[in-house]
Structures are given as structure tokens and as C-alpha cells.
Amino acid sequence: MNCVVVMGKKFKHLNIQQIDFIKQQKIFFVGTAATSGRVNVSPKGGDSFRIVNENQVIWQNYTGSGNETAAHLHQNPRMTIMFCAFEGNPIILRLYGKATAVHPSDKKWSTYVDFFPKNTGTRQFYLLDIDMVQTSCGMSVPFFDYNQDREQLDNWSSAKGHKGIREYWENRNQHSIDNMDTHIVTLAGLKDNPIK
């Protein structure tokens, strides 16, 4: 995907070159917004992104201090995922579409859980149905060298264990910064299977 002009291009689905580009990336950014309140943009890393087909991707969401994406999708399912090249040709690639959250209590969970390495902190999967792919030149994006993934979040999750993670969801992940409900207790099955 050589970038020779600044003008963006739009596609109905991912092509082979775009899929190859995505597979080489070490980081991606997710944007969501509810009908009101703040817009959320989150960086994501690790081995947490998969291409299901040319019109669908899925990413693994780890437990963290916030749960903004979950709260936003209850009001508005739109999501944008952005990749940008920090080496090689200057490329920005965005995926636009509607996202669905997949929680441990969902039947679809077993379909996707084996797509990724096992992680104690896995909170949800987000399945994005792509309605548009857009590429543009990232000529102002600086060059960066990838060193390695951080291990702190994995270590924290492992130390907490499954029970500790579920307690964290209940205590810290039920509301967005705008006080919108994430429904994590119900959707993760904590209501029907209380912490013991």
C-alpha cells in the first residue's frame, strides 16, 4: 500500500494488502461515543486483534480501569478502529462499522475465546461488522521502533485470578466516566453466578 497522495480512499471491505498491513501492526486505537457525554479513544496492544473475514474483525478487551466502550455501545453501536504505520510507508487505515460485545455468559463466547491466547483479564470480545474501510496517508505520523509488549497488565490480572477480576468488574467497571451503566454484572453472568 504505497502512499503517494494525501487524498483518502474508501472501500466496502478489507483487501489482501490491507489485511497484511493490519497483521503487521503492534497497536490499534478504538473510538466510540454514546448519544451524549464524552468521546472515548483507547489504545490497544498485545495479541488482541483478529480478522474474521473481509467484513468482520474481532478484538479482545482486557480488564482495565475503565469500561467506556461497553457503556457507549449500549446506546450507540458505532465504532471506529484505527491503525497507523510507525515504520515503512506512511499509511493510516480506519475501520468503520457497528460493534457487538461478546461476554462470558454469551453463547458466542465459545466461538471466539480460542481465537486468542488465554488471559485471566479478558473482559469482553468486540465484534465489528465493517461498513467502510478508509485509507489515507499518515505523512505527519512519526517513526517509532517497536521494542516489546508491556507485561504489567497480564501480571496484574494473573495475580488477581478469576475471582479477583470478577470482583474488580463489580467494584470498578459498572459505570463509565459519564456515569452510564456498562451492564457488566448482568452481561458477564455475575448476577446469575455471584462471586464466591
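The legends below describe close-up views of a predicted model.

**Figure 1. Strand β8 and the strands that pair with it.**
Strand β8 spans residues 122–136. Of its 15 residues, 12 are buried, and the strand is mostly covered. Strand β7, residues 92–102, runs antiparallel to β8 and is joined to it by 11 bridges. Within this pairing, Ala-101 stands opposite Tyr-126 of β8. Strand β5 also runs antiparallel to β8, with seven bridges between them. Here Tyr-62 has Thr-122 of β8 as its bridge partner. Strand β1, residues 9–11, pairs with β8 in the antiparallel sense over three bridges. The residue of β8 opposite Lys-9 is Thr-135.

**Figure 2. The hairpin of strands β2 and β3.**
Strand β2 covers residues 28–33 and is joined to β3 by six bridges, the two strands running antiparallel. Five residues lie between β2 and β3 in this hairpin. One residue of the turn, Gly-37, has a positive phi of about 85°. Ala-33 has Val-39 of β3 as its bridge partner. Strand β3 itself, residues 39–44, has two unlike faces, one covered and one uncovered. Asn-40, Ser-42 and Lys-44 make up the covered face. Val-39, Val-41 and Pro-43 make up the uncovered face.

**Figure 3. Aromatic pairs and a ring cluster.**
The structure holds 11 aromatic pairs. In one of them, the ring centres of Trp-109 and Phe-125 are 4.6 Å apart and the planes stand at 35°, so the pair is tilted. Trp-109 belongs to helix α3 (residues 109–112) and Phe-125 to strand β8, so this pair ties together parts that are 16 residues apart in sequence. Trp-109 is buried, at 15% relative accessible area. Phe-125 is buried as well, with a relative accessibility of 0%. In another pair, Trp-156 and Tyr-168 have ring centres 5.0 Å apart and planes at 80°, so this pair is edge-to-face. Trp-156 is partly exposed, at 30% relative accessibility, whereas Tyr-168 is buried, at 12%. A cluster linked by ring pairs is made up of Phe-28, Phe-49, Trp-59, Phe-83 and Tyr-126. Tyr-126 is also the residue of β8 that stands opposite Ala-101.

**Figure 4. The largest pocket and its lining.**
Rolling a probe the size of a water molecule over the atoms shows where empty space is left. The largest pocket holds about 1,400 Å³ of space. Its lining is made up of 48 residues. Lys-26, Ile-27, Lys-44, Gly-45 and Gly-46 are the lining residues nearest the centre of the pocket. The elements that each give two or more residues to the lining are α1 (16–24), β3, β5 (56–62), α2 (68–75) and α4 (152–172). By residue class, the lining divides into 22 polar, 13 nonpolar and 13 charged residues. Two of the residues nearest the pocket centre, Lys-26 and Lys-44, also appear in other settings. The charged end of Lys-26 sits over the ring of Tyr-146, 5.0 Å from the ring centre. Lys-44 is on the covered face of strand β3.

**Figure 5. The loop between helices α4 and α5, and helix α5.**
Asn-179 lies in the loop between α4 and α5. The phi of Asn-179 is positive, near 65°, in a residue other than glycine. Asn-179 is exposed, at 59% relative accessible area. His-183 is found in the loop between α4 and α5. The phi of His-183 is positive, about 60°, although His-183 is not a glycine. His-183 is partly exposed, with a relative accessible area of 33%. Val-185 is part of helix α5, residues 184–187. Val-185 is buried, at 15% relative accessibility. From C-alpha to C-alpha, Val-185 and Ala-34 are 20 Å apart in space, and they are 151 residues apart in sequence.

**Figure 6. Ile-16 in helix α1.**
Ile-16 lies in helix α1. Ile-16 is exposed, with a relative accessible area of 62%. Ile-16 and Glu-54 are separated by 38 residues in sequence and by 8.7 Å in space, C-alpha to C-alpha. Helix α1 is among the elements that give two or more residues to the lining of the largest pocket.

Methods:
Residues are numbered from 1 along each chain as its sequence is written. This is a predicted model: local features need pLDDT of at least 70, side-chain atom pairs count only at pLDDT 80 or more; totals for chains, interfaces and linings use all residues. Side-chain values use heavy atoms; hydrogens and water are left out. Buried means under 20% relative accessible area, exposed over 50%, partly exposed in between (1.4 Å probe, protein chains only). Helices (H or I, at least four residues) and strands (E, at least two) are DSSP runs, numbered from the N terminus. Two strands pair if DSSP finds at least two bridges between them. Rings of Phe, Tyr and Trp (its six-membered ring) pair if their centres lie within 6.5 Å; planes under 30 degrees apart count as stacked, over 60 as edge-to-face and the rest as tilted. A charge sits over a ring if NZ of Lys or CZ of Arg is within 6 Å of the ring centre and within 35 degrees of the ring normal. On a 1 Å grid over the protein atoms alone, a cavity is a set of points where a 1.4 Å probe fits but cannot get out, and a pocket is an open set with protein on both sides within 12 Å along at least five of seven lines; lining residues have an atom within 4 Å of a point. Grid points are joined across faces, edges and corners, and a volume is the space filled by probe spheres set on the points. Ala, Val, Leu, Ile, Met, Phe, Trp, Tyr, Cys and Pro count as nonpolar, Asp, Glu, Lys and Arg as charged, and the others, Gly among them, as polar.
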